[in-house]
Amino acid sequence: GSWRRTGFSRIPEGKGPYSVGCTDLMTDRSVEGSFLRLYYPSQNGTSSEETKWIPKRKYYCGLSDFLNCYRMPKEQMAKSEPMLTTQSVLFSLGSVTCPAKWNAAFKTGEKYPLIIFSHGLGAFRTLYSAVCIEMASQGFVVAAVEHRDNSSSATYYYTEKPVSEAQEEALEELQEEWLFYKKLKRGEPEFPVRQLQVQQRADECIRALNLILGINSGKQMVNVLRLNFDWTLLKDSIDLNRIAMMGHSFGAATAIETLSKEARFKCAIALDAWMLPLADEVYTRVHQPLLFINSEKFQWASNVLKMKKLDSTDVDRKMITIRGSVHQSFPDFTFVAGNLVGKFFKLKGEIDPNMAIDISNRASLAFLQKHLGKQLYLTLSYYWSPHKATI
Ligand SMILES: CCN(CC)CCN(C[C@]12C[C@](c3ccc(C(F)(F)F)cc3)(C1)C2)C(=O)Cn1c(SCc2ccc(F)cc2)nc(=O)c2c1C=CC2
């Protein structure tokens, strides 16, 4: 509408041949369950509703608390114009949708490769829709997990309300329990906290993989979220040989940790990896191909040196840097925030946000095609010739 600020651009649509659907899945009524947002190739015309980008108001509260490091000190607040508080920025985003059809019917009839996506520190499952929608439009099923390790700025799960005898016959009530970002205590060493969190995050990604594979084999599962989406259409739709991890920042470290624990993941794409949470052991335990896609600004020696420690001649390890991009060029805020907010919060670099994500997505797709697409060919040639198969 006309109220939109100039330069207010939306999250970019998928460029691939498939139309994209989106739905949410939460299993078990406990914090140990899985919670993920699924982006998938959908049947055209089965839904006209666009997907809500940030689905519950409590996410805004969690986000503005996480970002409160930007809150002006009190004395300055009094003096100057009412600042661009993160609260005001966030509440203007309430109506933002992402270009995927909410609960559209899953497109059956072929097997798709699977990507498990892990979000960054202070983010949550819905904030990387530009990347996930592009992958789904190219024929991937993408499960963006929501982590419950207190690194998300907000997340929730359901528990049964303790039903008192009096209400015995009443329908059992489900109660929403919220978890928020847990700040480090002053002087608390960061590594032990992040190492524990990256372990939990990897377990949550492996649990999500097992959940999707269970659905693929036709296993019955209960979605705690009452949505009208037919999960049985996913039966026999995942190509079990083509499974990959993707993640941003803390989520990229999670992707590397997950590969070291689960060989069913054939490769990973690390978007602006934050390597601090990874223990030394992981460097000798990852054997799959890795692609590091870095922004120009999120670079410091110790972090890059840890990426280089994973360099290898036996397996394909690549690193590219997108000139003019920033850390926030990968999550969706780079598209949703206007130029004013975008510059202020460093959500946009010099490069146009759509161009940056396009470079990243094309590099990702080429890497996935190389390491997932030829899997069958590689296997066959390996058996036919004693030499090491090469691509
Ligand atoms: C601990 C808090 N703080 C210390 C000063 C650092 C805060 N910070 C920089 C921020 C996120 C920022 C952001 C977003 C969104 C608006 C908004 F206004 F548009 F909403 C504004 C400002 C604030 C840019 C980061 O944490 C960077 N970062 C991230 S950002 C992931 C994220 C979080 C929230 C989002 F909405 C979107 C994306 N993921 C990581 O895994 C890691 C790091 C650093 C190391 C590991």
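Select Y157 in this predicted model and look across to β8, where the bridge partner of Y157 is E177. Now extend the selection to both strands: β7 (residues 154-160) and β8 (residues 174-180) pair in the antiparallel sense, and 7 bridges connect them. Colouring β7 by accessibility shows that 6 of its 7 residues are buried, so the strand is largely enclosed by the rest of the structure.

Remain on β7 and pick T155, which belongs to this strand. T155 has a relative accessible area of 1%; because the cut-off for a buried residue is under 20%, T155 counts as buried. Display the side chain of E146 as well: a polar contact of 2.5 Å joins it to the side chain of T155.

Next, select helix α4, residues 129-137. How many of its residues are buried? The count is 9 of 9, so the helix is largely enclosed by the rest of the structure. The buried residues include E134 as well as V131, I133 and M135. Continue along the chain to G139, just after α4, and inspect the backbone there: G139 takes a positive phi of about 100°.

The ligand is the next stop. Of the 23 residues around it, those that come nearest are L121, S249, F250, F333 and L347. Three distances from ligand oxygen atoms may be displayed:

- At L121, a polar backbone atom lies 2.7 Å from an oxygen atom of the ligand.
- At F250, a polar backbone atom is 2.9 Å from an oxygen atom of the ligand.
- At S249, an N or O atom of the side chain is 3.0 Å from an oxygen atom of the ligand.

On its own the ligand has 850 Å² of accessible area, and the protein covers 83% of this. Colour the surrounding shell by residue class: 18 residues are nonpolar, 5 are polar and none is charged. Then highlight helices α1 (57-66) and α3 (86-91), each of which supplies at least two residues of that shell.

Move to H248, which is in strand β9 (residues 238-248). Is H248 buried or exposed? H248 is buried, with a relative accessible area of 2%. For a longer distance, draw a line between the C-alpha atoms of H248 and L196: the two residues are 52 residues apart along the chain, and the separation is 18 Å.

Finally, select strand β11, residues 290-295, which is mostly covered, with 6 of its 6 residues buried. In a regular strand, side chains alternate between the two faces of the sheet. Display the side chains of β11 to follow the two directions: L290, F292 and N294 point one way, while L291, I293 and S295 point the other way, and all of them are buried.

Which strands pair with β11? One is β10 (residues 267-271), which pairs with β11 in the parallel sense over 4 bridges; here L271 has I293 of β11 as its bridge partner. Another is β12 (residues 317-322), which runs parallel to β11 and is joined to it by 6 bridges. At this second pairing, S295 stands opposite I322. To complete the view, add helix α8 (residues 301-309): β11, α8 and β12 make a right-handed β-α-β unit.

How values were computed: Residues numbered from 1 in each chain as written. Predicted model: local features only at pLDDT ≥ 70, side-chain atom pairs only at ≥ 80, totals over all residues. Heavy atoms only, no water. Buried < 20%, exposed > 50% of the residue type's maximum accessible area, 1.4 Å probe, protein only. Pairing = 2+ DSSP bridges. Right-handed = clockwise from strand over helix to strand, strands pointing away. Near = heavy atom within 4 Å. Polar contact = N/O pair within 3.5 Å; in protein donor to acceptor, adjacent residues only side chain to side chain. Areas by Shrake-Rupley, 256 points an atom, 1.4 Å probe, with all protein chains shown as cover. Nonpolar A, V, L, I, M, F, W, Y, C, P; charged D, E, K, R; others polar.
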